[in-house]
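Colleague: Could you zoom in on one part of this model for me, and then work outwards to the rest of it? I'd like the cut-offs spelled out as you go.

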Amino acid sequence: MASDPVGQKIFIGMGTCGLATGAAAVHESVQEALKKVGRDIPIIKTGCIGMCSKEVLVDIVQPNLPRVTYGQVQPEMIEKIIEEHLVGGNPIADLAIGQIVDEGMDPFKEIPTYMDLPVFRKQKRIVLRRCGFIDPDSIDDYLATGGYQGLEKAVKSMPPADIRETVKESGLRGRGGGGFPTGLKWEFCANADGDPKYLICNADEGDPGAFMDRSILEGDPHAVIEGMAIASYAIGAEYGYIYCRAEYPLAIQRLKIAISQAEEKGYLGQNILGSDTSFTLRIKEGAGAFVCGEETALMASVEGKRGMPRPRPPFPAHRGLWDHPTNINNVETYACVPPIVFDGAESYAAIGTEGTKGTKVFALAGKINNTGLIEVAAGTTLGEIIHEIGGGIEGGREFKAAQLGGPSGGCLPANLVETPIDYDSLIEAGAMMGSGGVVVMDDSDCMVDVARFFLTFTENESCGKCVPCRVGTKAMNAVLTRITEGGGVEEDLENLAQLGEQIKKTSLCGLGQTAPNPVLSTMRYFRDEYEAHIHDGKCPAKICTALITFGINEACTGCTVCAKKCPVGAITGERKELHVIDQSLCTKCNVCFEVCKFDAVVKE
Amino acid sequence: MKINLTIDGKKAEVDSGASILDAARQVDVEIPTFCDHKDLMPFGSCRICVVEDDGTKRLFASCVTPATDGMVIKTDTEQVKEAREAILELLLTYHPLDCPVCPQSGRCDLQDLAFIHGKDSGRFAQGDAEKKIDLDSPLIEMNENRCILCGRCVRICNEVQGEGQLDFVGRGFPTAVEPAFGRAMDCEFCGQCIQACPVGALYSRVFKHTTPAWELTPVRTTCPFCGVGCTLNLEVKNDRIYHVLGADDEGAVNNGFLCSKGRFGYEYVGNPDRLKTPMVRKGDALVEATWEEAYDRIVSGLKKIREQSGADAVGGIASVRCTNEDNYLFQKFMRAALGTNNVDSVARFGHLQAVEALRKAFGIAAPTDSMADIEKSDLIFALDANITEDANVLGLKVLKRVRYGDGKLIVANPRKIKLAKFADTHIRHRPGSGVALLSSIINVILEEGLEDKEFVAQKVSGLDDLKASVADSTPEKMENHTSVPADQVREIARSIAASPALTILLAPGLANAYTGEDTVCAATNLLLITGNIGKPGAGIIPISEYNNIQGSMDVGALAEFLPGYQAVSDAGARRSFEDLWKATLPSGPGLDSEGMIQAAEDGKLKGLYVMGEDPLASFPDRGKVSGAMENLDLLVVQDIFLTDTARVADVVLPASCGPEKNGTFTNTDRRVQRVRKAINAPKNTRDDWKIISELGTAMGYDMSYTSAMDVYREIIGVVPFYAGILPERLDKTGIHWPCPEASHPGTEVLHTDGFPDGRAQAGPVQFQEPANGTADYPYLLLPGTLLYHSGTTTTKAVSLNDVAPTAVAEVNPEDARSLGLTSGDWVRLKGKKGSIEMEARVADRNMQGTVFVPTHYRDTSVNTLLTYEPVKEKGLTFVSIEKIESMAKDAEG
């Protein structure tokens, strides 16, 4: 076999997003192609770099040359890429989406650099800095990129109280959504009476449209482990659990590998790095209840009980897992810790706004071009995120609103694009940071229907314990459903608003206390849409099927496609003649609308 | 630390950790609640109890929010009112408004609150929850549509009952409370869930659709089944009991809890098989008679025997079920009217032996500790007692102490009983080796010098004899008998010695024949050497199987004792009773229960008067008893059903039963409690005390009393330790004897001021090697009680029989394999005295080589197999097991 140039590597994005778009087949093709050209070079199965819409991503790395990323790679493209680029030294500009040019390198022509790409230019990557750049299954990759240096600095040179002080000074607030100052939380737990103390990582990410934590665990699991190990030392918690939903098998697999590697190298277990601090870390798989992301329900679940929240106080810091002092943070929060400890509080606190320091990872989903993961400095505006980093709205349609913070959060309308994304501004605007999900809606989305979608989610995911959440969400949903079906009455809006406020005030846990937010915020910003449904019996976005009828206009060419596709045979018409929909048969399934190439099917 | 706060302008001071709701209750500010329950941990699910913090204007659920110093709480602001109304409105939106047919209607918390708020409809469309109605479970029914998911039932079933039969199933609005996998309930059927349910979701299947709840009148009385003596509210109307609730005030022994018997067993009262008229034997048949005819037959019969053979040719079996008044008059009748000391009861076969051991050791023939005192116990040692079945509500006190308090639990029981699951240690010693086990524990404590030396020096005699008697009983040697590893015994001995307060619980009786006087004696020795007598949380309680065993003995229904344990052989005592009773009393020792059967068999006893007992079903050796009965010239049976003994009687007298009469019971911890008449007895029946007094008078000895409580007044005049328990003091609570005078509060824990004789007596432990089976009779018979039944009485409660209809023999899986048995097969158990046939169930609760058989069923009389020897000599009954064709198949064939 020909000798290979040292340092050649191929990266394949094999996070869940990559795998879902066919990364396994691409990986196979790469192996075959390499065999064919007689090269035995490392193939790195890396995590998600954030550009999920461009998966499968394949990067070619050659010594002293810019790293080139190919996007939306199909297996059949591989042979060409290997032959022309890897072997021939000529990157294929048509297929490449970007290149990373380190200092002293000459960029390839006709390929934009990452910094030219709007999706990257405005990002500030701290948590995600390794995602897509290392092999998550390799602790050596992690170590080579500064991994475990924070832990080493902590246990070798910082007393626990100093670490807590550093985290306090950094201004880090809980990234799971609550935004509670992390250092303060640690302080409470450290000062609580009780032995042993427990540390929990909440990886029960369940918001629709949110996948930040999954990507971090899949792309850089050691960062979370290191953050937890530092926290355990700072708090004096000898045992830890990562509570990860079982629907994240890849994250769990990578965590298992990472934990055993860390144990082997002495970053976990007894006497970490020769110190007298010990930390035993285990994974607990959740069974898929959204409410188990609520910390008290999560702890009940770890204890083997039904995942149901209990009132606080007592707070977990005082009486948590098995009634022992417990510190719970989410994945992203822990991942922020190593750089804070290693680089110092100031460098982290220098980023962000007055009340929200550092960066925040967001998952962009919905009607946006660059669906995927981004990390930005706190204070970046919604408009920058959607129009620049996110690449604007799919199909060039008009941006209408974004749901921030998942089903617990709220909708921000297009006219609030200047809102800086930080904890306090979002609350003021009726939304919340939440865990970082951003679901983007365009002008074809009905906001009443969107509100109903999120409320249906919380109604189904309510644990059933307290009355306002269990019954209140159902009662609100019944009203919303009635409105979307044309049965809305004048008092509905007032009743929804009042009940929503009561649910927020009286629910036991965060799930119920935030469940009405999507309804209340859409009512606040899109009241006219609600009124159109109620007063005029119209759905302006033409989504609510009960309020629309399908018709075929003069543009019809008589191509018969709609008639063939109609599942109920409601469309009739001779070839090359205007077709007609029989309203008594039409189920408003929207198929005709979708298949018509001449925009002849119309909704009224 | 004390917390000061203001609620609606009222100052409250509470302990740190108290909730806002606790504080509000203290200052009489009313806050509505659904999920809150005094015996359960805070849950915070219903949210109806929200209050406003005046500082932040935020709402808090008062039941789960701790009161903090300086807090200013308001419960009547507009915000609170709106929130409460919203919760109420939501609950009613999907709650079926089927109040007209709901068993809880009239006492439903939701209905009451809705009534107060006065709105008949809400803003949101009334919807149907479309949940399940449980139509399969016996006794308890659940309509999930009415459920407001407050979780009281779920929590009471787990936290109080230790069952966990119910839990939340599903998520969101469809969440429901159900047994696992939606199956029918298969539980203890205590019905705690029914009583805890604030709405009509869980209710008695027996009560449903019988009568509106608001038409019922509660009558407070004492449960007639086991020795715990739970305080009941019988809910009655028109001379019928419809429903039973446990009383939950401070004067009740049971915190509102009941077992299946207490809650559902009342049905025996209204059973159509009740005796409704006197009957006399004419030839082979019992025929209906008037009371006069029956009395004539009895009086002439008794007089004839007395004239021909002397008063000692007559005997009387008293009742461990009947009231103190009934039993007092019964023994007075036997002694003063007839002139014999031949009066006794089934207490002879168990409980009497236990309390005799206590009398010998401590000087008082009664349990030393109270059930409530278990709250203070550090270590509970349940020896051969299946407490959660024998005395369910006492079991709950043990569970609470062990699960939520600082108490440890040692269960020594060959069977895998429920309590073993909650025990810190479960010892499975061989049946009958309790004495060997205790000897080895005592041996370790004495050998290692772990005894309470100060206590022993000051208060105990006979230590040397004790020491000598256990010198050889090392754990290593005893292991051969007990099968308990020596190391484990040593560990237990040390933990017992290290415990500040030890309580021993035992359950003597025919059902546990191997717990006899020597076992209790060994237990008293253990308590004495560890100083565990006469202080809170320490002592011994032998649990009585029947409601009034203790009381019947206290009032003299024993061959050797006049009322108050005053010996018949004591001339002075006799003389004072002769003065009081205005009669000449016999001085000779009377025949005890076994003695009377023997004398009848021998033809020496010619007349037998049985009150509220069924010797054919409850005395050992049914064959022998049957022969004895046949020998009698006159057999009188006074009872509420035509029992097996009544069927062979010459005269049968129909009596009233517990809920139909007034009087007192004395429960297993010496607590005298009121029995109140809740309903009228069937027309032609009479109270037991009344019958006896009429017969006494007819015999020429004046026994006229105006009422049962009139009799009670005489009792407190002759039983010194009852002297201060005046009837009016029993209105709201019971009183533990000794209570020598009206100002005395009663005595929960005995011997706090020392012992009657100055010192307690440690006695040598007589250890006998337990018997083994033989080739002919290889299996050890374990007769026992079931949770669902009490004696044979509750088998007359139709609904309880839905749960436990027939006797089933429990066979160990290993034995079943060698016998070729599977569950549902029929077996014949054969012993030296006879055989019985029943269904078998393969269950690993028993050790190999043993077979458990319940004692309650008339058609499977276990006493057929028993002999008198086990009772006296601590032998054990062995049987053979043979698989047979089912009786049902035979019938079909």
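Modeller: Sure, and I'll begin with the term I need straight away: two residues are in contact if their C-beta atoms, placed from the backbone, lie within 7 Å. Bear in mind that this is a predicted model, where local features need pLDDT of at least 70 and side-chain atom pairs count only at pLDDT 80 or more, while totals for chains, interfaces and linings use all residues. Residues are numbered from 1 along each chain as its sequence is written, and chains are lettered from A and ligands numbered from 1 in the order in which they are written.

The part I picked is Ala93(A). Look for Ala93(A) in the loop between α3 (78-87) and β5 (96-100) of chain A; helices (H or I, at least four residues) and strands (E, at least two) are DSSP runs, numbered from the N terminus. Setting aside neighbours within four places in sequence, Ala93(A) is in contact with Glu110(A) and Ile111(A). Lys109(A) sits 16 residues along the chain from Ala93(A), with 7.8 Å between their C-alpha atoms. Is Ala93(A) buried or exposed? Neither, quite: Ala93(A) has 13 other C-beta atoms within 10 Å, so this residue counts as partly exposed. On that scale, buried takes 20 or more other C-beta atoms within 10 Å of the residue's own, exposed takes 12 or fewer, and partly exposed is in between, with C-beta atoms placed from the backbone.

Stepping back to the chain around that loop, chain A has 24 helices and 18 strands. Its radius of gyration is 26 Å, close to the 25 Å that the globule rule gives for 604 residues, so chain A is as compact as a globular protein of that length. (The radius is taken over C-alpha atoms, and the rule is 2.2 Å times the number of residues to the power 0.38.) The C-alpha atoms of chain A occupy a box of roughly 80 × 65 × 40 Å along the principal axes. Of the 604 residues in chain A, 54% are buried. Take the contacts in chain A between residues at least 6 apart in sequence, and 71% of them join residues at least 24 apart.

Chain A splits into domain 1 (9-116), domain 2 (139-348), domain 3 (359-442), domain 4 (447-536) and domain 5 (549-603), with bounds from an automatic or database domain assignment. Between domains 2 and 3 of chain A, 15 residues of domain 2 are in contact with 18 residues of domain 3. The domain 2 side of that contact has 4 nonpolar, 6 polar and 5 charged residues. For these classes, Ala, Val, Leu, Ile, Met, Phe, Trp, Tyr, Cys and Pro count as nonpolar, Asp, Glu, Lys and Arg as charged, and the others, Gly among them, as polar. The C-alpha centres of domains 2 and 3 of chain A are 27 Å apart.

Now for where chain A meets chain B: 27 residues of chain A are in contact with 28 residues of chain B. On the chain A side, the elements giving two or more residues are α17 (447-461), α18 (467-484) and α19 (491-506). The most comes from α18(A), with 9 residues. By class, that side of chain A has 13 nonpolar, 7 polar and 7 charged residues.

Chain B itself has 30 helices and 37 strands. A compact globule of 893 residues would have a radius of gyration near 29 Å, and chain B agrees at 29 Å. Buried residues account for 59% of the 893 in chain B.

Here are two spots in chain B worth a look. One is an open sheet of mixed pairing, with 5 strands in the order β2-β1-β5-β3-β4 (chain B); two strands pair if DSSP finds at least two bridges between them. At its edges are β2 (10-15) and β4 (59-61) of chain B, each pairing on one side only. Within the sheet, β1 (2-7) and β5 (72-74) of chain B run parallel over 2 bridges, and Ile7(B) stands opposite Ile73(B).

The other spot is β27 (651-654) of chain B, where Val651(B) and Leu653(B) point one way, Val652(B) and Pro654(B) the other, and all are buried. It pairs with β13 (279-282) of chain B in the antiparallel sense over 2 bridges, and with β26 (634-639) of chain B in the parallel sense over 4 bridges. Val280(B) has Val651(B) as its bridge partner, while Gln638(B) has Leu653(B).
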